[in-house]
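Thanks for coming. I'll go through one structure today, a few residues at a time.

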Amino acid sequence: MTKVYQIGRRGVFSSLNTQNVKNSKFLFLNSTSELPYSEIENSTIYCSIDLDILDPSVAKAVSAPVPNGFSLKDLENELKNLYDFSHIDYGDITEYQPQKDDSLITGQIIIRLLLLGLSISSCKIE
């Protein structure tokens with residue numbers, strides 16, 4: 001069975017009662033430190049970054065801003081932790097609303113995250 005790990009309590013499945021989906025393929029974690037690395041080692045990793053996870057004070061140009069979200073440093077640390085464990089095979093960044101990005105700050109965050117991913121990934125290529 002393919003399992004989906006949601007890190008950061010955001011999104012559609014965040015409102016579900018975790019007890020009701022305990023045996024489900026959806027698992028909700030607060031941090032990459034909770035990932036069962038022994039279970040997912042050598043798995044195909046797809047990392048989808050929902051920009052809504054960032055606090056609105058960091059990134060305002062998102063579709064559903066959520067107060068008390070991650071700082072940019074928090075998100076970067078989560079990505080580094082994941083990259084330390086495994087190579088990410090696929091990924092995307094979602095929820096960007098360019099029409100709300102007058103100062104282009106959120107767009108710059110996307111570029112920064114992409115560059116971080118590329119720089120970390122290139123270190124793992126053998």
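Start with Leu118, which sits in helix α3, residues 105-124. This is a predicted model, so please hear everything that follows as computed from a prediction. Leu118 counts as exposed because its relative accessibility is 58%. On the surface, Leu118 forms a nonpolar patch with Ile111 and Leu115, and together the three have about 320 Å² of accessible area.

Now the overall layout. The protein chain has three helices and four strands. Going along the sequence, the pattern is β-β-α-β-α-β-α. Of the 126 residues in the protein chain, 35% are buried. The exposed area is about 8,000 Å², with 53% of that supplied by carbon and sulfur atoms. As for contacts with a separation of 6 or more, 63% of them are between residues 24 or more positions apart.

One pairing at the start of the chain. Leu29 lies in strand β2, residues 26-29. Its C-alpha is 4.7 Å from that of Ile7, and the two residues are 22 apart along the chain. Leu29 counts as buried, because its relative accessibility is 10%.

Next, charges. Side chains of opposite charge can pair when their charged atoms come close. How many salt bridges does a search of the whole structure find? The search finds one. The partners are Glu76 and Arg112, with 2.4 Å between the closest N and O atoms. Glu76 is in helix α2 and Arg112 is in helix α3, so this pair ties together parts that are 36 residues apart in sequence. The two ends are not equally covered. Glu76 is buried, at a relative accessible area of 5%, whereas Arg112 is partly exposed, at 45%.

That brings me to an acidic residue without such a partner. Asp101 is in the loop between β4, residues 90-94, and α3. Asp101 is buried yet has no salt bridge. Which side chain of opposite charge is nearest to Asp101, and how far away is it? That is Lys60, at 9.6 Å. The cut-off for a salt bridge is 4 Å between a side-chain nitrogen of Lys or Arg and a carboxyl oxygen of Asp or Glu.

What does the side chain of Asp101 make a polar contact with? The partner is the side chain of Tyr96, at 2.8 Å. Leaving aside neighbours within four places in sequence, Asp101 is in contact with Ala61, Tyr96, Thr106 and Gly107.

Two of those contacts deserve a closer look, beginning with Ala61. Ala61 lies in the loop between β3 and α2. At 0% relative accessibility, Ala61 counts as buried. In sequence, Ala61 and Asp101 are 40 residues apart, while their C-alpha atoms are 5.0 Å apart in space. Again setting aside residues up to four places away, Ala61 touches Glu95, Tyr96, Gln97, Lys100, Asp101 and Thr106.

The other one is Thr106, which is found in helix α3. Thr106 is buried as well, with a relative accessible area of 2%. Its side chain reaches the backbone nitrogen of Ala61 at 3.3 Å. Not counting residues up to four places away in sequence, the residues that Thr106 touches are Leu51, Ala59, Lys60, Ala61, Tyr96 and Asp101.

If you put those lists side by side, Asp101 has both Ala61 and Thr106 among its contacts, and Ala61 has Thr106 among its own. Tyr96 is in contact with Asp101, with Ala61 and with Thr106.

Last item, backbone angles. Asn68 is not a glycine, yet its phi is positive, about 65°. Asn68 is found in the loop between β3, residues 46-50, and α2, residues 72-85. Is Asn68 buried or exposed? At 71% relative accessibility, Asn68 counts as exposed.

Glu95 is another residue other than glycine with a positive phi, near 75°. Glu95 is in the loop between β4 and α3. At 30% relative accessibility, Glu95 counts as partly exposed. You have already heard its name once, since Glu95 is one of the residues that Ala61 touches.

That's where I'll stop. For the discussion, I would go back to Asp101, which is buried and has no salt bridge but does have the polar contact with Tyr96.

Note on methods. Residues are numbered from 1 along each chain as its sequence is written. This is a predicted model: local features need pLDDT of at least 70, side-chain atom pairs count only at pLDDT 80 or more; totals for chains, interfaces and linings use all residues. Side-chain values use heavy atoms; hydrogens and water are left out. Patches are made of residues with over 30% relative accessible area and no salt bridge: like charges are joined within 9 Å, nonpolar side chains (Val, Leu, Ile, Met, Phe, Trp, Tyr) within 5 Å. Accessible areas come from the Shrake-Rupley method with a 1.4 Å probe; for residues, only the protein chains shown count as cover. Helices (H or I, at least four residues) and strands (E, at least two) are DSSP runs, numbered from the N terminus. Buried means under 20% relative accessible area, exposed over 50%, partly exposed in between (1.4 Å probe, protein chains only). Lys and Arg count as positive and Asp and Glu as negative; His and the chain ends are not counted. A polar contact is a pair of N or O atoms within 3.5 Å; within protein, one must be able to donate a hydrogen and the other to accept it, and residues adjacent in sequence count only if both atoms are side-chain atoms. Contact means heavy atoms within 4.5 Å.
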